[in-house]
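The exercises below are meant to be worked through with the structure in view. Try each task before reading its solution.

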Amino acid sequence: MKKTILPQYIRYLKVFVAGVALSTVFVSLPVNKALGHHTQKIYQKVSQLKNSRKRWIQVDLSRQRLIAWEGNKAVFGVIVSTGKKSTPTPTGVFNIYTKLKKTRMKGEDYDVKDVPHTMYYQGGYGIHGAYWHNNFGTPVSHGCVNLAPNQAKKLFNWASVGTTVVVQR
């Protein structure tokens, strides 16, 4: 008796369709039920920004990536280093409130002079060049978003005071 392969494909197809259906259920859940309020606000802001023509910056902590956007068009992407577990980068929606070509950053266990192309967006948290390490793609900072100096300069020249910064996981 000859075995037909067709029933096996049908079984695989059923499993695939069931998986897609389950995924659709989870993806289509209302945002306020599936996500926390803080995360919901971030996603709403991203949606708003993508439907505008504004320049904005997105920092993805889980992927250690920064993307500069103009509305829904990505114009610049770079690998970054954000805060380590003990000194995390805060998530949320912020705006650049000052830009400094060079500044000194000082903390309990660090004192770094001439930090290039710094853009502060919340208190002492900022996006800046980091000439003292080359560990981009790995969280190593005290909470800031570190870029290679040449990429920090490019972003510094592109962004302005008031540019929205979205930091998310």
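Accessible areas come from the Shrake-Rupley method with a 1.4 Å probe. The model used throughout is a predicted one.

**Exercise 1.** State how much area the chain exposes, and which atoms supply 55% of it.

*Solution.* Begin with the total, which for the chain is about 10,800 Å². Then divide it by atom type, whereupon carbon and sulfur atoms are found to supply 55% of that exposed area. As a further step, turn to the interior: buried residues, those under 20% relative accessible area, make up 36% of the 169 residues in the chain.

**Exercise 2.** Work out how many helices and strands the chain has, and in what pattern they follow one another.

*Solution.* Counting gives four helices and nine strands. Reading along the sequence then gives the pattern α-α-α-β-β-β-β-β-β-β-β-α-β.

**Exercise 3.** Describe the open sheet that four strands form, giving their order and naming the edge strands.

*Solution.* The order of the strands in this open sheet is β5-β6-β7-β8, with mixed pairing. The edges are β5 (98-107) and β8 (145-147), each of which pairs on one side only. From one strand to the next, the twist averages 40 degrees. Looking next at a single pair, strand β6 (residues 110-122) and strand β7 (residues 125-129) are antiparallel and joined over three bridges, and Tyr120 has Gly126 in β7 as its bridge partner.

**Exercise 4.** Find which strands helix α4 lies across, and its angle to β6.

*Solution.* Helix α4, residues 149-158, lies across β5, β6, β7 and β8. Comparing directions, helix α4 runs at about 35 degrees to β6.

Definitions and conventions
Residues numbered from 1 in each chain as written. Predicted model: local features only at pLDDT ≥ 70, side-chain atom pairs only at ≥ 80, totals over all residues. Heavy atoms only, no water. Helix = DSSP H or I, 4+ residues; strand = E, 2+ residues; numbered from the N terminus. Buried < 20%, exposed > 50% of the residue type's maximum accessible area, 1.4 Å probe, protein only. Pairing = 2+ DSSP bridges. Axes fitted to C-alpha atoms, helices over the stretch in contact; angles between N-to-C directions. Contact = heavy atoms within 4.5 Å.
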